[in-house]
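Work through the following exercises with the sequence and the coordinates at hand, and compare each result with the solution given beneath it.

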Amino acid sequence: MTRDAAIEHVSTYFDEGSFVSDLAGLVAFETESQNPVQQPELYRYLKEAMQPRFEAAGFTCEIYDNPNPTGGPLLIAERHEGDGLPTVLTYGHGDVIRAQTDQWREGLHPFKLVEDGDKLYGRGTADNKGQHLINLAALEAVIAARGKLGFNSRFIVEMSEEVGSSGLAEFFEAQKEKLTADVLIASDGPRLQPDRPTMFMGSRGGITFDLVVDLREGAHHSGNWGGLLADPAMILVQALSTITDARGQLKIPEWRPTSLTPAIREALDGLPIESEAGPEIDMHWGEESLTPAERAYGWNSFAILAMTSGVPEAPVNAISAKARAACQLRYVVGTDAEAVLPSLRRHLDEHGFEKVQIVPHERGFFRATRLDPDHPWVTYVKDSLTRTGGREPHVLPNLAGSLPNDSFTDILGLPTVWVPHSYRACSQHAPNEHALKSLSRDALRLMAGLFWDIGEGDCPRR
């Protein structure tokens, strides 16, 4: 019954190959939530993979239909050890993005785990099957070493995160009592560096929308009509050019946040943003007065995700009738989300682009959240990870990407601490997605130590 015994137990679990084989079993479920025909597979993942494992660890489980008919099912697993004990809520999502099977490297398949050196390839290895498997295995290791957790555990697995967590907020509103806890400790997203743990306490929000210029029915010959018909693509690109300057700096006042305080800048100071893996950072892109870390974690960014006019694969000599750009604003706390699209409308009109339509995407995106880096739970988790890993983790106020963290903070009222188990070059949301074996082993040990420490009874209380 020692902390070292729990860490040793989970290390053996990895070293004997059980983690890799268990992850292979999870990857084999083709849980593409973006593919409607895979809806039965979303249920099967919870019923056949998650529920039996939780029950074997002493959890009671219930699977729920999503209150939103477009969303997948959800599972709540609970191990209640005492009314006076702290309760930790943990989260993971078992759905993945579309497989993109034909784009994977030769010898790889999205739903077959393949080992190659330190890499474990397969859809969901990094996002998020591997991450919630690590946390569940760490809980099991504590139970094996101590005979109990020493705290109450609630674990929710959703199957709609990759479609904007459809129905999650409504589900949380309906199940508040079953999800009451002292803290959320969960895992998603990447570490800043693969060999050092990272913590973050929130995420940027995201708003996606189309900008559309639709001028007429059908295309018309560019020789006969060139110079006589307005070109929707030209109008659109000129409208887009007013949103930022040539280096991507935001020009709409409402899109420039007010929350990059001295305290947040201090928290971001010195954090590594470059890595050997992944693309080289364009140092001359983004807000000129900010450091790269401040641009990624303390500021807003605008992106054009896709653009079309005519038929790019087979262009013809014709002036198109329509042009469209799919756009996105990633935003931090301190941005009025309700003002984003109205301010864009005003901005476009002021620049003479009344013909540019703004069409919000139906898919919901998460609101920006952030927990104070000095919060007691942040300090507690940081101290535990430092004790196990031998050096302090990197601490981010928020993730640069987006997560359904707002459902935990705004509906359940929880402090939230995320400890990611992936790295930035994992090809998340792309072909050849993979996890690192070395990172996974380290994460198993860190989480076993953290859950052991919480069971000692000296953690913060709600």
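**Exercise 1.** In this predicted model, determine which residues Asp-182 touches, leaving aside those up to four places away in sequence, and decide whether Asp-182 is buried or exposed.

*Solution.* Begin with the contacts: Asp-182 touches Pro-86, Thr-87, Trp-377, Leu-414, Pro-415, Arg-461 and Arg-462. Next, look at Thr-87 in detail, where the side chain of Asp-182 reaches the backbone nitrogen at 2.8 Å. Then place the residue in the chain: Asp-182 belongs to the loop between helix H5 (168-174) and strand S7 (183-186). Finally, consider accessibility: because its relative accessible area is 8%, which falls under the 20% limit, Asp-182 counts as buried.

**Exercise 2.** Follow the chain into S7 and establish which strands pair with S7, and in which sense.

*Solution.* Start with the side chains of S7, where Val-183 and Ile-185 point one way while Leu-184 and Ala-186 point the other way, and all of them are buried. Strand S3 (residues 87-93) pairs with S7 in the parallel sense over 2 bridges, and Val-88 is found opposite Val-183. Strand S17 (residues 416-418) also runs parallel to S7, to which 3 bridges join it; here Ala-186 has Trp-418 as its bridge partner.

**Exercise 3.** Work out the strand order of the sheet that contains S4, S5 and S19, and identify the helix that packs on this sheet.

*Solution.* The 3 strands form an open sheet in the order S4-S5-S19, with antiparallel pairing. Strand S4 (114-116) and strand S19 (434-436) are the edge strands, since each pairs on one side only. Neighbouring strands are turned against each other by 25° on average, direction ignored. Between strand S5 (residues 119-121) and S19 there are 3 bridges in the antiparallel sense, and Lys-119 has Leu-436 as its partner in S19. The helix sought is H13 (residues 437-455), which touches S4, S5 and S19 and whose direction makes about 60° with that of S19.

**Exercise 4.** Explain why the buried residues of helix H1 (residues 3-15) lie on the same side of H1.

*Solution.* First list the residues: Arg-3, Ala-6, Ile-7, Val-10, Ser-11, Tyr-13 and Phe-14 are buried in H1. They cover an arc of only 155° around the axis, and therefore they are on the same side of H1. As a last step, trace their partners: the buried residues of H1 pack against helix H2 (18-27), helix H3 (39-56), helix H4 (129-146), helix H11 (376-389) and H13.

Methods:
Residues are numbered from 1 along each chain as its sequence is written. This is a predicted model: local features need pLDDT of at least 70, side-chain atom pairs count only at pLDDT 80 or more; totals for chains, interfaces and linings use all residues. Side-chain values use heavy atoms; hydrogens and water are left out. Helices (H or I, at least four residues) and strands (E, at least two) are DSSP runs, numbered from the N terminus. Buried means under 20% relative accessible area, exposed over 50%, partly exposed in between (1.4 Å probe, protein chains only). A polar contact is a pair of N or O atoms within 3.5 Å; within protein, one must be able to donate a hydrogen and the other to accept it, and residues adjacent in sequence count only if both atoms are side-chain atoms. Contact means heavy atoms within 4.5 Å. Two strands pair if DSSP finds at least two bridges between them. Axes are lines fitted to C-alpha atoms, for helices over the stretch in contact, and angles run from 0 to 180 degrees between N-to-C directions. The arc is that of the directions from the helix axis to the C-beta atoms.
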